[in-house]
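Me: Please take a close look at one loop of this structure, and then set it in the context of the rest of the chain. I would like the terms explained with their cut-offs as you go.

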Amino acid sequence: MTTGKWSAARPRALAWQRRRASAARFWRRYRTHRAGVLGLATLALFVLLALAAPLLVGSGVTDVTDAPGSPLEGPSGELPFGADRFGRNLLGLVIWGARVSLLVGLLAAVLSVAIGTVIGVTAGHFRGWYATVVMRITDWFLVMPTLVLAIALATVMSRSLPTVVVAIGVTTWPTTARLVRAQTLAVETRPYIERARALGGGHWHIMSRHVLPNVMPLVLAQTTLIISSAILAEATLAFLGLGDPTVVSWGGLLQDAREAGAVSAGHWWYLVPPGIAIALVALAFTLCGRAVESVLDPRLGVSR
């Protein structure tokens, strides 16, 4: 290896070594939070079930023409969670619905955090009239009920999974924007930012190389917290009949149960499994988010 290649490769190797050491340090601190580890284990279980759904239950579980049970059949040995109004296996539907609910929640949270991060970083960096206008728009979104805005968007757009993702993502970003802007303002006062400007660093260089890496821990923690809200929002939209009717999700199962009169008829097995699944996943993401916050910023003092 020539001297030039060695000089170029060594900084990259050192950078990867620092990243591995940082990841190992993060995990050592994270696993001291019992609630965070419990949440992570719960999420791992649901993710494995979602990924293995085609092998565990097969895509035929959603077929109404070859249902294994009778409509609204109660729990039994063959159908541990009972059957829905079409006679389909509810256990298989809950497992299959995890794929949609987790995917929509993750994509919506990523979209929300991406919008909030871009707006927060740019508003904190440029300031002036731009920051004033952007933050007034953010305030407007903050005071408006998020669910009402999401329902309005889902109503005027086509009923599909991308619509649900967009409806949730574009209505839940203001909190992230506020937090990221505050962190950006704090980072912009540090000496190395002044040094970067003095050396001729442009706006893009300062935001991408100096500001963004310093706000990423906050963005990561915010993402884990927003995913739980996004999953609940997806379930709410599906329960209100604004989701994609061609796919099975936990919120869609609750909507089917409502239309079938499961509440008034006392068919608890139709309501409880998807409701518990939603609650467990939302709680697990919240526990993980609180643990990540505590690891990245020990001053928060989050209980273990």
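Reply: A83 counts as buried because its relative accessible area is 0%, where buried means under 20% relative accessible area, exposed means over 50%, and partly exposed lies in between, with a 1.4 Å probe and protein chains only. This is a predicted model, in which local features need a pLDDT of at least 70 and side-chain atom pairs count only at pLDDT 80 or more, whereas totals for chains, interfaces and linings use all residues. Residues are numbered from 1 along each chain as its sequence is written, and side-chain values use heavy atoms, with hydrogens and water left out.

A83 sits in the loop between helix 3 and helix 4; helices are DSSP runs of H or I with at least four residues, strands are runs of E with at least two, and both are numbered from the N terminus. Leaving aside neighbours within four places in sequence, A83 is in contact with S70, L72, E73, R88, L90 and W269, contact meaning heavy atoms within 4.5 Å. A83 can also be placed relative to H267, which is 184 residues away along the chain, with 10.0 Å between the two C-alpha atoms.

One of those contacts, L72, belongs to the loop between helix 3 (53-56) and helix 4 as well. With a relative accessible area of 23%, L72 is partly exposed, whereas A83 is buried. The backbone of L72 deserves attention, since this residue has a positive phi of about 60° although it is not a glycine. Most residues other than glycine have a negative phi.

Beyond this loop, helix 4 (90-126) is among the elements that cover the buried residues of helix 5, together with helix 6 (146-156) and helix 8 (174-188). The buried residues in helix 5 include A131, V134, M135, T138 and F141. They lie on the same side of helix 5 because they cover an arc of only 110° around its axis, the arc being that of the directions from the helix axis to the C-beta atoms. The face turned away from this buried side carries the exposed residues W129 and V143. Helix 5 has 16 residues and reaches 23 Å from its first C-alpha to its last, close to the 22 Å expected at 1.5 Å a residue, where the expected span is 1.5 Å times one less than the number of residues. V133, also in helix 5 (residues 128-143), counts as partly exposed because its relative accessibility is 43%, and its C-alpha is 41 Å from that of V248, a residue 115 positions away along the chain.

After helix 5, in the loop leading to helix 6, comes M144, which is partly exposed at a relative accessible area of 27%. M144 and T171 are 27 residues apart in sequence, and their C-alpha atoms are 9.2 Å apart in space.

Further along, helix 10 (residues 203-239) contains L220, which counts as partly exposed at 42% relative accessibility. Leaving aside neighbours within four places in sequence, L220 is in contact with V292 and L296, and the C-alpha atoms of L220 and V110, 110 residues apart along the chain, are separated by 10.0 Å.

As for the wider setting, the chain has 13 helices and zero strands, and 41% of its 304 residues count as buried. Among contacts with a separation of 6 or more, residues 24 or more positions apart account for 71%. The C-alpha trace spans about 75 × 50 × 40 Å along its principal axes, and the chain exposes about 16,100 Å², of which carbon and sulfur atoms supply 66%; accessible areas come from the Shrake-Rupley method with a 1.4 Å probe, and for residues only the protein chains shown count as cover. There are 27 positive and 14 negative side chains, and the centres of the two sets lie 23 Å apart. Here Lys and Arg count as positive and Asp and Glu as negative, His and the chain ends not being counted, and the place of a charge is taken as NZ of Lys, CZ of Arg, CG of Asp or CD of Glu.
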